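Hi everyone, thanks for making the time. I'd like to walk you through one protein model today, so please have it up on your screens.

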Amino acid sequence: MPFNIHDFKSQGLALNGARPSLFSVSIPQWPYMNGAYSQVPYTAKASSLPQSNINEVEVGYFGRKIKLMGDRVYPNWVITVYNDEDFLIRNSLLNWHEQMNSTVENLETPAGTQIAPSDYKKEIIVTQYSKGGMENQGMPIYKCKLFGAFPVNISPITLDYDATNQIEMFDVEFAY
């Protein structure tokens, strides 16, 4: 196939390519601190569209291995969040952790009552937007829902005298 730039433009990236900066993250049923829900789409600085994995199953026969498809697995998913001086998102996430396993009593909730999976597992929606043009101007072009998500790791916030003119950020890892 001979090189033709016009074919590439019309077939390869006919809509000028999706942009990684046009996205939002939302957790509609955010538990334990409702005000955090409204801030997440604005403070989620970086994320990813989740990867898709299917494990392989190796089967041996006379000293040789063949690979067959296995189960679909969902690796943990991470977002990076801007931290505001009210610490609303971070405190809400820490409270989410506290409700799943309290730091003092080592119980599911501080009162010792059982917590149902529907109380701590929530749906997360990652939306990719168009950059404009055609009939999709600024509209969602891809949505991904993560079901049964809960935070498993809240990263530390680095404090540093030399980190001037910066806003604090931290990562949150979710299992789903």
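I'll start with the overall layout, go on to the sheet and the core, and finish with a few single residues.

One thing up front: this is a predicted model. The protein has four helices and eight strands. Reading from the N terminus, the elements go α-β-α-β-β-β-β-α-α-β-β-β. Of the 176 residues, 27% are buried. As for contacts between residues at least 6 apart in sequence, 62% of them join residues at least 24 apart.

Let's turn to the sheet. Which order do the six strands of the open sheet take? The order is 1-6-7-8-5-2, with antiparallel pairing. Strand 1, residues 23-26, and strand 2, residues 44-46, sit at the edges with a single partner strand each, so one side of each has no neighbour in the sheet. On average, neighbouring strands here are turned by 45° against each other, ignoring direction. If you'd like a helix to orient yourselves by, take helix 3, which packs on this sheet and touches strand 5, strand 6, strand 7 and strand 8. The direction of helix 3 makes about 60° with that of strand 7.

Zoom in on strand 6 and strand 7 for a moment. These two run antiparallel and are joined by seven bridges. For a place to look, find Tyr129, whose bridge partner in strand 7 is Pro140.

Now the core. How many residues does the largest nonpolar core have? It has 28, and Leu93, Trp96, Ile124 and Phe174 are the ones with the most contacts inside it. At least two residues of this core come from each of these elements: helix 2 (35-43), strand 5 (77-82), helix 3 (88-100), strand 6 (122-129), strand 7 (140-154) and strand 8 (169-175). Click on Phe174 if you want to see some of this in detail. Setting aside residues up to four places away in sequence, Phe174 touches a list of residues that includes Leu93, Trp96 and Ile124, along with Ile27, Trp77 and Val152.

Next, the hairpin. Strand 3, residues 53-61, pairs with strand 4 in the antiparallel sense over eight bridges. Asn53 stands opposite Val73 of strand 4. Two residues lie between the strands of this hairpin, and Phe62 in the turn has a positive phi of about 50°. Is strand 4 well covered or hardly covered? Hardly: strand 4 spans residues 64-73, and the count of buried residues among its 10 residues is zero.

The hairpin also brings us to charges. In general, side chains of opposite charge can pair when their charged atoms come close. The structure holds one salt bridge. Lys67 forms a salt bridge with Glu56, and their closest N and O atoms are 3.5 Å apart. Lys67 belongs to strand 4 and Glu56 to strand 3, so the pair ties together parts 11 residues apart in sequence. Lys67 itself is exposed, at a relative accessible area of 55%.

Compare that with Arg90, which is found in helix 3. What is the nearest side chain of opposite charge to Arg90? That would be Glu168, 7.3 Å away, and Arg90 is buried yet has no salt bridge. Neighbours within four places in sequence aside, Arg90 is in contact with Asn83, Ile154, Ser155, Pro156, Ile157 and Phe170.

From there, hop over to Met169 in strand 8. Met169 is partly exposed, with 35% relative accessibility. The C-alpha atoms of Met169 and Ile157 are 6.5 Å apart, while the two residues are 12 apart along the chain. Again without neighbours within four places in sequence, the contacts of Met169 include Ile157, Pro156, Lys45 and Thr80.

Last stop, for those of you who like backbone torsions. Phe87 is not a glycine, but its phi is positive, near 55°. Phe87 sits in the loop between strand 5 and helix 3 and is partly exposed, with a relative accessible area of 32%. Asn165 has a positive phi near 55° too. Asn165 lies in the loop between strand 7 and strand 8 and counts as exposed, with 82% relative accessibility.

That's my tour, and I'm happy to take questions.

Notes. Residues are numbered from 1 along each chain as its sequence is written. This is a predicted model: local features need pLDDT of at least 70, side-chain atom pairs count only at pLDDT 80 or more; totals for chains, interfaces and linings use all residues. Side-chain values use heavy atoms; hydrogens and water are left out. Buried means under 20% relative accessible area, exposed over 50%, partly exposed in between (1.4 Å probe, protein chains only). Two strands pair if DSSP finds at least two bridges between them. A nonpolar core is a set of buried Ala, Val, Leu, Ile, Met, Phe, Trp, Tyr and Cys residues joined through side-chain atoms within 4.5 Å. Contact means heavy atoms within 4.5 Å. A salt bridge is a side-chain nitrogen of Lys or Arg within 4 Å of a carboxyl oxygen of Asp or Glu. Lys and Arg count as positive and Asp and Glu as negative; His and the chain ends are not counted. Axes are lines fitted to C-alpha atoms, for helices over the stretch in contact, and angles run from 0 to 180 degrees between N-to-C directions.
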